[in-house]
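Hello,

Here is the structure I promised to pass on to you. Have a look at it first, and then read on for what turned up when I went through it.

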Amino acid sequence: MRERLQALKEEALAKVDQADTLNELQDIKVAYLGKKGPITEVLRGMGKLSKEERPVIGELANKVRETIAGELDAKKEKLEARELEEKLEKETIDVTLPGRPVTLGGPHLLTSIVEEIEDLFIGMGFEVREGPEVETDYYNFEALNLPKGHPARDMQDSFYITEELLMRTHTSPVQARTMGKYQGSKPVKMICPGKVYRRDTDDATHSHQFTQVEGLYVDRNVRMSDLKGVLNRFAKQMFGEEREIRLRPSFFPFTEPSVEMDISCKVCHGEGCSVCKGTGWIEILGGGMVHPRVLEMAGYDSKEYTGFAFGMGPERIAMLKYGVDDIRHFYTNDIRFLKQYHKA
Ligand code: 2U9
C-alpha cells in the first residue's frame, strides 16, 4: 500500500508537471483526487489493513492527496498567469494607432434650415404648430377660400385617399384648424412647418413631396406694414443684413391683397446677373392679408380682426443659401450630398 501511494504520487506529479492546459490539470485532478480515483480506492481498502497500519496508511494517503492537490493548484496558477500574459500580449491595444473613424450623423440640411426659420420667428413671438399630413377637403381647400370645383384647386392637385381625404397640399389647414378652434375668441400668431404633397412631376425645382413653413398673425388692427416689417426682419436675419427686400403684387385665394417677396441678389447686389436672371432680385416667398372670407369661415369677425399670412419653401431657401441646383438631392439620401451640409 505504501509503495502504491508513493508510485501514485510520483505518477500524478509527473503528469502535473507535463500538463500544459487548465483542462489537462482538471482531468488529472479528477483522475487522482476524484471519488473514483486510486487514492480514494486505497482509502476504501483501509478495512483490510491491521489496526497498526491503518493510521499510518491513512495519514500517508492524505499527505499524498494534499501534495498532489498542492502541485495542481501551483501549476494552475502558473498556467492562468501564462494565459493572462498571452491574452494581454494578444490584446494589447496600440493606443498610438488612429481610432476607427466614427461617422457622426447630423441634422439633414432641410431640418437645420427649418429649425433656423423656426428660431427666427419664435424670436418674433410666433409659436410653432404642426398638424396632420392627411387632411380633409374642408381644411385643405374650403376653409382657405377654395370651394369645391374652384379652378385654383388644379394648381394644388394632390393625392386623394377618399373624396374627402387627401395628402395636404400646404400647411395652411393647420392655421385654419387653429383659428377654427378659437372661433374669434383670441389672436393667433403661429408658424407651421411640415411636409406637403402635390401631384407634380419631379424635376430640378419640383418634387411631389416637399416642405413648407407658413405663418399667420391674426389680431385687431394687423396691417400690411406689419407683414412687411416681419418679412424684412426674416430676410435680413436669414440672408444677411445687407440684403434688401421688395414686395410685388400677386394673387392667392386665401389672401387679399397678396404679395410675393423678393430679396436683392447676393451675386450682383441688384445689378442683374444669371443667378437672378438679370432682374437683380430673387423670389423667396408669398404672403398677404388674410382674406376676410377665410377669417369669417373660422369664426373671426373680419370687421374686428385682420391678419397677415405668408408661406415659403425651405428647399428653395436652402438651394439659394447653399447653391443646391436640384431639389431632388434633398430626398435621394446620397451621403455625398448630405454630408456636405452637416454641421459636426
Ligand atoms: C390661412 C390664411 C392664409 C398662406 C400663404 C403663401 C402666401 C405662399 C407658397 C410658398 C412656397 C407655397 O410652397 S410654396 O410654393 N405659399 O406663397 N402661403 S399666403 O396663407 C394663409 C394660410 C393660412 C388661414
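A strand here is a DSSP run of E with at least two residues, and strands are numbered from the N terminus. With that in hand, Pro257 can be placed in strand E7, which covers residues 255–264. The peptide bond that joins Glu256 and Pro257 is cis, with omega at about -5°. Please keep in mind that this is a predicted model.

Let me start with the overall layout. The domain assignment splits the chain into domain 1 (2–90) and domain 2 (109–341). Taken over C-alpha atoms, the centres of domain 1 and domain 2 are 87 Å apart. A pair of residues gives a similar view of the chain: Thr40 and Gly240 are 200 residues apart along the sequence, and 94 Å separate their C-alpha atoms.

UniProt, in an unreviewed entry, puts the feature "domain: Aminoacyl-transfer RNA synthetases class-II family profile" at residues 109–320. Over residues 109–320, helix makes up 27% of the chain and strand 31%. The end C-alpha atoms of that stretch lie 13 Å from each other.

Now to the ligand. Which residues come nearest to it, of the 18 around it? They are Gln212, Phe252, Phe254, Gly286 and Gly311. Three of these also have polar atoms to look at:

- Gln212 has a polar side-chain atom 2.7 Å from an oxygen atom of the ligand.
- Gly286 has a polar backbone atom 3.3 Å from an oxygen atom of the ligand.
- Gly311 has a backbone N or O atom 3.5 Å from a nitrogen atom of the ligand.

On its own the ligand has 560 Å² of accessible area, and the protein covers 88% of that. Four elements each give two or more residues to the shell around the ligand: helix H7 (172–182), strand E5 (209–220), strand E8 (281–290) and strand E9 (305–312). The largest share, four residues, comes from E9. Sorted by class, the shell holds nine nonpolar residues, eight polar ones and one charged residue.

Two residues in helices are worth a look as well. Ser112 sits in helix H5, residues 109–122, and its side chain reaches the backbone oxygen of Leu109 at 2.9 Å. Is Ser112 buried or exposed? Its relative accessibility is 12%, so Ser112 counts as buried. Thr40, which you met above, belongs to helix H3, residues 38–44. Thr40 has a relative accessible area of 16% and is therefore buried too, since the cut-off for buried is under 20%.

Finally, a word on backbone angles. Asn221 is not a glycine, yet its phi is positive, near 65°. Asn221 is in the loop between E5 and helix H8 (224–239). With a relative accessible area of 56%, Asn221 is exposed, because exposed means over 50%. Asn333 has a positive phi as well, about 50°, and is not a glycine either. Where is Asn333 placed? The loop between helix H10 (314–322) and helix H11 (335–338) holds Asn333. Asn333 counts as exposed, at 54% relative accessibility.

Over to you, and many thanks for taking this on.

Best wishes

Terms used
Residues numbered from 1 in each chain as written. Predicted model: local features only at pLDDT ≥ 70, side-chain atom pairs only at ≥ 80, totals over all residues. Heavy atoms only, no water. Near = heavy atom within 4 Å. Polar contact = N/O pair within 3.5 Å; in protein donor to acceptor, adjacent residues only side chain to side chain. Areas by Shrake-Rupley, 256 points an atom, 1.4 Å probe, with all protein chains shown as cover. Nonpolar A, V, L, I, M, F, W, Y, C, P; charged D, E, K, R; others polar. UniProt positions renumbered as here; feature names shortened; annotations may be inferred. Domains from an automatic or database assignment. Buried < 20%, exposed > 50% of the residue type's maximum accessible area, 1.4 Å probe, protein only.
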